[in-house]
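Reader: I'd like a close look at one part of this model, with the distances and the cut-offs behind them. Pick a single contact to start from and work outwards.

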Amino acid sequence: MINPKPWPRSRFEHPTLQVARALLGQRLVRRHSHGQRLAGIITETEAYIGSDDLACHARSGQTMRNASMWGPAGHAYVFFTYGMHWMLNIVTEAEGFPAAVLLRGIWPTEGIQIMHANRDAPSRRALGDGPAKLCQALEIDRQWDGVDLCRKDAQLFIESMPAVDEILVTTGPRVGLTQVPEPWKSIPWRFRVDPRKIPAETGGFPG
DNA sequence: GCGACGATGGGCT
DNA sequence: GCCCATCGTCGCA
């Protein structure tokens, strides 16, 4: 049996594509009340890299909303969109360079009852198979923007799990980019793994 | 299973 | 005013 440890900051201080890829199969953990954990295996990520990336919120410079992306790696960047949804990113690379990984999907493994109470979902999978869904399931909103995932007492962090085999990873264009020009619209900066193919001993399926 | 579409409000030009 | 790094529902297969 493995004894998972939280990712240290050094693991986020790498090129964003590497971090986005490496986060697949890792465990996202949210400490809830009464010592209860809400957690899931990360199944889908996207990279947003610098102000040259015209899909990245950093494209129009630093503002109040996106300031977290310029901060140190290993912090949360949480933003609000479509009038009702929150999205969770993890900041990457060097402080001063705006980049982050969007978490787009988890396979829930702990605290499933609480997640069902947090959002009306028809299945376990549907609790976390979307960037706004996982935020709702884990109760992530504006108050988590800028939070450090690498502190010893962090209430939100990544727990280290065995790396997912390269052969299980698929890539493709990032989702939901409508007005974004090429090459940014189609560049394959989205990473996915089928949780059913992650070995059970790593907590991938079915938990 | 899949495509279309409306909801809804903050951020930016 | 317009634009969203989305989601749930509805219609149709």
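Author: Let's start at glycine 83, where a polar backbone atom sits 3.2 Å from a base nitrogen of DNA strand B. That makes a polar contact, meaning a pair of N or O atoms within 3.5 Å; within protein, one atom must be able to donate a hydrogen and the other to accept it, and residues adjacent in sequence count only if both atoms are side-chain atoms. A quick word on the ground rules: this is a predicted model, so local features need pLDDT of at least 70 and side-chain atom pairs count only at pLDDT 80 or more, while totals for chains, interfaces and linings use all residues. Side-chain values use heavy atoms, with hydrogens and water left out, residues are numbered from 1 along each chain as its sequence is written, and chains are lettered from A and ligands numbered from 1 in the order in which they are written.

Back to DNA strand B. Tyrosine 82 also offers its backbone: one of its backbone N or O atoms is 2.5 Å from a base oxygen of the strand. Threonine 63 goes for a phosphate instead, with a polar side-chain atom 2.7 Å from a phosphate oxygen of DNA strand B. The full set of residues around this strand is Thr63, Arg65, Phe80, Tyr82, Gly83 and Met84, where being near means having a heavy atom within 4 Å. By class, that surface has three nonpolar, two polar and one charged residues; Ala, Val, Leu, Ile, Met, Phe, Trp, Tyr, Cys and Pro count as nonpolar, Asp, Glu, Lys and Arg as charged, and the others, Gly among them, as polar. Seen from the DNA side, 57% of the strand B atoms within 4 Å of the protein belong to sugar or phosphate, and the rest to bases.

DNA strand C has 21 residues around it, and His85, Met87, Asn89, Arg119 and Gln179 come nearest. Here 59% of the DNA atoms within 4 Å of the protein are from sugar and phosphate. Side chains do the reaching in these examples. Asparagine 89 has a side-chain N or O atom 2.5 Å from a base nitrogen of DNA strand C, and histidine 57 has one 3.1 Å from a base nitrogen of that strand. Arginine 104 takes the backbone route on the DNA, with a side-chain N or O atom 3.0 Å from a phosphate oxygen of DNA strand C. The surface near this strand is made up of 10 nonpolar, eight polar and three charged residues. At least two residues of it come from each of E3, E4, E5 and H3; helices (H or I, at least four residues) and strands (E, at least two) are DSSP runs, numbered from the N terminus.

Those elements turn up again in the largest pocket. Its lining takes at least two residues from each of strand E2 (37–49), strand E3 (76–81), strand E4 (85–91), strand E5 (99–110) and helix H3 (131–138). The pocket search runs on a 1 Å grid over the protein atoms alone: a pocket is an open set of points where a 1.4 Å probe fits, with protein on both sides within 12 Å along at least five of seven lines, and lining residues have an atom within 4 Å of a point. The volume, about 570 Å³, is the space filled by probe spheres set on the points, which are joined across faces, edges and corners. Of the 26 lining residues, His57, Phe79, Val175, Gly176 and Leu177 lie nearest the centre. The lining splits into 15 nonpolar, seven polar and four charged residues.

The second largest pocket holds about 180 Å³. Fifteen residues line it, with Thr43, Glu44, Arg125, Val193 and Pro195 nearest its centre. E2, E5 and strand E8 (190–193) each give at least two of them, and the largest share, four residues, is from E5. Its lining has four nonpolar, four polar and seven charged residues.

One last stop: glutamate 159, in strand E6 (residues 156–159). Its side chain makes a polar contact of 3.0 Å with the side chain of arginine 37. Glutamate 159 is buried, at 6% relative accessible area, while glutamine 36, in the loop between strand E1 (27–31) and E2, is partly exposed at 35%. Buried means under 20% relative accessible area, exposed over 50%, and partly exposed in between, with a 1.4 Å probe and protein chains only.
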